[in-house]
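Got the model open? Let's take a walk through its sheets, its helices and the empty space inside.

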Amino acid sequence: MLSSSSTLPPSFLAGARLERCAPGTVLLSRGDPTIAAWYLESGMVLTGISGELGSRDELLEHQLGQMQGPCWLNPTAAVLSLPAIVDVVAQTEVLLRKLPMAEFQAALAANRQLSTTMLTGLAQAHREQTELAVSRLAKGAEARCAEWLLQHAGSNDKGGCAVQLQQRKRLIAAQLGIAPETLSRVLRHLRERSLISGSGRTVNLVDPGGLRTLAGV
């Protein structure tokens, strides 16, 4: 459940209430009735199953994915008028726009552009979830880890590629469907093979080509 970017038509944005939420805020709770369609204008959220209350990382005992705005936060629940299927927690500060269900359903029926953006978002989300399921079924821990690093890589100050680990390792491991100790062991093996370097929160991708070969992409 990564970003399914879309642009909400200005006419609908004008009538949607804007809310700013701090990191750690529980935005949606699994099983709650869907009373509005939420549009994530900016920021990042985590989706999964809640655990015991604590820090924002501990709010999700089992993480299923993350979403980066702009995108619809609850597209399937809004379109099907079903309860929320996962818990959603703000990882960063987020800006949300809220459309009451009656207004959303009327707009969806009357406006082709809105219908298109919703269909695109749902298709992207379905594709990402299918790719995640295939990765977990068909690839080993090292291949999944290499693929995750490539997906989250950005440029560093030396002109190379690096990943900033903004989440705890246990949450990253949960995304990959492996134990935290397995993730630590895999990262150590990748360093020993000179595919990555660095420690702490920064992982430098020394050999992106080698990681792509390992990941099978």
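What follows covers confidence, then two sheets, then a cavity.

This is a predicted model, in which local features need pLDDT of at least 70 and side-chain atom pairs count only at pLDDT 80 or more, while totals for chains, interfaces and linings use all residues. Residues are numbered from 1 along each chain as its sequence is written, and side-chain values use heavy atoms, with hydrogens and water left out.

The chain has a mean pLDDT (the predictor's confidence in each residue, from 0 to 100) of 81, with 86% of its residues at 70 or more. Residues 1–7 have pLDDT below 50, and beyond near neighbours in sequence this stretch makes 29 contacts in the model (a contact means heavy atoms within 4.5 Å). Residues 53–57 are also below 50, with eleven such contacts. Where pLDDT is low, the predicted coordinates should not be read in detail.

Now the sheets. Helices (H or I, at least four residues) and strands (E, at least two) are DSSP runs, numbered from the N terminus, and two strands pair if DSSP finds at least two bridges between them. Here are two open sheets side by side:

| Strand order | Pairing | Edge strands |
|---|---|---|
| β1-β8-β3-β6, four strands | antiparallel | β1 (17–21) and β6 (71–72) |
| β9-β10-β12-β11, four strands | antiparallel | β9 (154–155) and β11 (196–197) |

In the sheet with β1, strand β3 (residues 36–42) pairs with β6 over two bridges, and Y39 has W72 of β6 as its bridge partner. Helix α3 (residues 101–110) packs on this sheet, touching β3, β6 and β8 (94–100), and its direction makes about 80 degrees with that of β8 (axes are lines fitted to C-alpha atoms, for helices over the stretch in contact, and angles run from 0 to 180 degrees between N-to-C directions).

In the other sheet, β9 and β11 each have a single partner strand, so one side of each is left without a neighbour in the sheet. Strands β10 (residues 161–164) and β12 (residues 202–205) pair over four bridges, with A162 opposite N204. Here α5 does the packing: this helix touches β10, β11 and β12, at about 95 degrees to the direction of β12.

Which helices each supply at least two residues of the lining of the largest cavity? They are α5 (141–151), α6 (169–176) and α7 (180–192). A cavity is a set of points, on a 1 Å grid over the protein atoms alone, where a 1.4 Å probe fits but cannot get out, and lining residues have an atom within 4 Å of a point. The largest cavity holds about 50 Å³ of space, and its lining includes W148, K169 and L183.

Key:
On a 1 Å grid over the protein atoms alone, a cavity is a set of points where a 1.4 Å probe fits but cannot get out, and a pocket is an open set with protein on both sides within 12 Å along at least five of seven lines; lining residues have an atom within 4 Å of a point. Grid points are joined across faces, edges and corners, and a volume is the space filled by probe spheres set on the points.
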